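Please take a moment to look over the sequence and the fold before reading on. The paragraphs that follow move from one helix to the next and then to the interior.

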Amino acid sequence: MLYLPVLYGGGWLLSRPLAFLVPSLRGDQVDLIGALLALLLLLVSLPWRLRTGLGVDEPWRFVGLVGPPGRIGATWLRGTLKAAALLAVVVVGLSLAGAAQWRGQQGLTGAEILNALALALGVGFAEELVFRGWLWAELGERLGRRQALWGQALLFGLVHPWWRLPGLAGASLLAGLILLGLVLGLQRRADGGALWGAMGLHGGLVGGWFALQAGPLALAASGPEWLMGAAGAGGANPIGGLIGWLALGGLALLRRRWWV
């Protein structure tokens with residue numbers, strides 16, 4: 001369990017000199033570079049970790065990254081379409097409840113489009129490689145198939161900054177994150193071990209929600225948090241509210257054959 005914190009700490013340390021070498025960089029930009037360096041360290045060290053720790057001969061195939069190109073494309077597309085369907089359910093639910101208003105004429109700037117794409121590709125790839133790739137492999141070998149499914153979902157939720165929200169709002173977001181981790185794990189199982197469907201689903205949700213908030217969807221400032229999720233630094237997160245729970249829970253139930 002120290003493997004990932006050590007890599008993240010290494011990326012953080014390697015990025016610190018940039019604050020002195022390039023004073024124009026903001027603190028959040030230096031932190032982002034540190035996260036990218038940690039991801040690079042993961043990509044370099046993960047094959048060695050899986051070979052020496054678990055005796056894996058084909059590490060990238062083992063974590064679901066390598067496979068026939070057609071299968072990779074098909075699973076990624078299915079995951080992305082599921083993300084679009086989930087976002088549509090959230091938008092319709094919030095609109096019917098009066099917690100959001102659709103303003104289709106509102107477009108996105110070029111910078112916002114690039115930001116949405118970066119979130120979709122970056123978060124989808126990095127977090128899925130860590131949680132549904134490496135972590136699931138470790139837990140599956142050491143604890144078993146079912147424990148790995150629930151264990152990765154629990155850890156996925158715990159490492160996100162849900163504690164920054166007060167009281168019940170934070171607990172609600174944690175529950176939604178765990179449910180999302182479960183759904184993403186079930187997606188990989190349904191795809192026969194391929195990781196790309198989970199990447200498409202996760203990246204589509206993160207990038208798509210950013211694009212919706214930046215453009216055509218206006219959230220009510222005084223909307224009920226229990227319904228739409230509490231607002232944090234990045235705005236309201238629907239997986240911390242009832243509508244997000246119902247959308248993710250419905251998808252998890254559709255995947256119930258993969259629970260065991």
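A helix here is a DSSP run of H or I with at least four residues, and helices are numbered from the N terminus. By that rule R132 belongs to helix α6, which covers residues 110-143. The model is a predicted one, and the values discussed below are computed from it.

R132 is a useful place to begin. Its relative accessible area is 0%, and therefore R132 is buried. Its side chain makes a polar contact of 2.7 Å with the side chain of E128. Setting aside residues up to four places away in sequence, R132 also touches E127, Q152, F156, G181, L184, G185, R188, L195 and H202.

Two of those partners, Q152 and F156, are among the buried residues of α7, which also include A148, L149, G151, A153 and G157. Helix α7 runs over residues 145-159, and because 15 residues at 1.5 Å a residue should span 21 Å, the 22 Å between its end C-alpha atoms agrees with expectation. The cover over the buried residues of α7 includes α6, α8 and α9, the last of these being residues 196-214.

The aromatic side chains tie α7 to other parts of the chain. There are four aromatic pairs in the structure, and one of them joins F131 and F156 in an edge-to-face arrangement, with 5.2 Å from centre to centre and 85° between the planes. This pair links distant parts of the chain, since F131 sits in helix α6 and F156 in helix α7, 25 residues apart. F131 counts as buried because its relative accessibility is 8%, and F156 counts as buried because its value is 1%. W150 and W259 form another edge-to-face pair, at 5.9 Å centre to centre with 80° between the planes. Here too distant parts of the chain are linked, with W150 in helix α7 and W259 in the segment after α11 (242-254), 109 residues apart. W150 has a relative accessibility of 40% and so counts as partly exposed, and W259, at 26%, likewise counts as partly exposed.

Which residues have the most contacts inside the largest nonpolar core? That core has 57 residues, and the residues in question are L94 and L201. Helix α8 (residues 167-190) gives the largest share of this core, nine residues. Leaving out residues up to four places away in sequence, L201 touches G79, T80, K82, A83, L86, V183, L184, Q187 and L251.

Of these, A83 can be followed in its own right. A83 lies in helix α5, residues 69-96, and counts as buried because its relative accessibility is 1%. Beyond its neighbours within four places in sequence, A83 is in contact with G200, L201, G204 and L205. The C-alpha atoms of A83 and V206 are 8.9 Å apart in space, although 123 residues separate the two in sequence.

At the start of the chain, helix α1 (residues 3-15) has 13 residues and reaches 19 Å from its first C-alpha to its last, close to the expected 18 Å. Its buried residues are Y3, L7, G10, G11 and S15. They cover an arc of only 125° around the axis, and so they lie on the same side of α1. V6 and L13, on the other side of α1, are exposed. The elements covering the buried residues of α1 include α2 (18-21), α3 (27-54) and α6, the last being the helix that holds R132.

Definitions and conventions
Residues numbered from 1 in each chain as written. Predicted model: local features only at pLDDT ≥ 70, side-chain atom pairs only at ≥ 80, totals over all residues. Heavy atoms only, no water. Helix = DSSP H or I, 4+ residues; strand = E, 2+ residues; numbered from the N terminus. Buried < 20%, exposed > 50% of the residue type's maximum accessible area, 1.4 Å probe, protein only. Contact = heavy atoms within 4.5 Å. Polar contact = N/O pair within 3.5 Å; in protein donor to acceptor, adjacent residues only side chain to side chain. Expected span 1.5 Å × (residues − 1). Arc of directions from axis to C-beta. Core = buried A, V, L, I, M, F, W, Y, C linked by side-chain atoms within 4.5 Å. Phe/Tyr/Trp six-rings, centres within 6.5 Å; stacked < 30°, edge-to-face > 60°.
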